[in-house]
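User: Got a chain I'd like to go through with you. Can we start with how far to trust it?
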Amino acid sequence: MALTLRAAAAGPSRGLRRLFSTSFIPPMNSPAPQAREKAEPSTNLFVSGLSKRTTSEKLQEAFSQFGEVVHARVVTDRVSGYSKGFGFVRYTTLEDAGKGIEGMDGKFLDGWVIFAEYARPRQPPPPPENNMSPPYSRY
């Protein structure tokens, strides 16, 4: 009994102290987050951080200050019609695309800070499993 009282008087056990601690120390064996590699320069730009109010026309107008825009598209939700927060801008030349990134990356559009970078090519879809086509296929 005396041993139990002495342990209780000493304070919480190390396990409980660690459980209720406010400081977090990540485990030593966890891998460090890797930075994404930059995409190769192309005439197609990926723009993120767009407001729900941003339209394709506003996107084209903003990026046309830095070169000739062939096409600008804000990706929208099928049901609501609102922007999903990203889009694509295609310029006629690589030089114009570079100017577009320099001019618009980190700038405000419709009250939101947007980010522009070279678009990565779309990855091919994985082959269907069990020789079955995926549900709701586009084919």
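Analyst: It's a predicted model. Mean pLDDT for the chain is 81, and 66% of the residues reach 70 or more.

User: Which elements have the lowest and the highest mean pLDDT?
Analyst: Helix α1, residues 2-10, is lowest with a mean of 51. Strand β1 is highest at 97. Where pLDDT is low, the coordinates should not be read in detail.

User: OK, the sheet. What's the strand order?
Analyst: β2-β3-β1-β6, an open sheet of four strands with antiparallel pairing. β2 and β6 are at the edges with a single partner strand each, so one side of each has no neighbour in the sheet. Strand to strand, the twist averages 20°.

User: And what do α3 and α4 pack on?
Analyst: α3 packs on the sheet and touches β1, β2, β3 and β6, with its direction at about 140° to that of β2. α4 lies across β1, β3 and β6, at about 150° to β6.

User: How many bridges between β1 and β3?
Analyst: Five, antiparallel. In β1, N44 stands opposite R90 of β3.

User: Is N44 buried or exposed?
Analyst: Buried: its relative accessibility is 18%, under the 20% cut-off. Beyond four places in sequence, N44 touches F88, V89, R90, Y118 and A119.

User: Switching to the largest nonpolar core. Which residues touch the most other members?
Analyst: L59, F63 and V89, out of 17 residues. β1, α3, β2, β3 and α4 each supply at least two residues of that core.

User: What does L59 contact further along the sequence?
Analyst: Leaving out neighbours within four places, L59 contacts V47, L50, A72, R73, V74, F88, V89 and L109.

How values were computed:
Residues numbered from 1 in each chain as written. Predicted model: local features only at pLDDT ≥ 70, side-chain atom pairs only at ≥ 80, totals over all residues. Heavy atoms only, no water. Core = buried A, V, L, I, M, F, W, Y, C linked by side-chain atoms within 4.5 Å. Buried < 20%, exposed > 50% of the residue type's maximum accessible area, 1.4 Å probe, protein only. Contact = heavy atoms within 4.5 Å. pLDDT = per-residue confidence, 0-100. Pairing = 2+ DSSP bridges. Axes fitted to C-alpha atoms, helices over the stretch in contact; angles between N-to-C directions.
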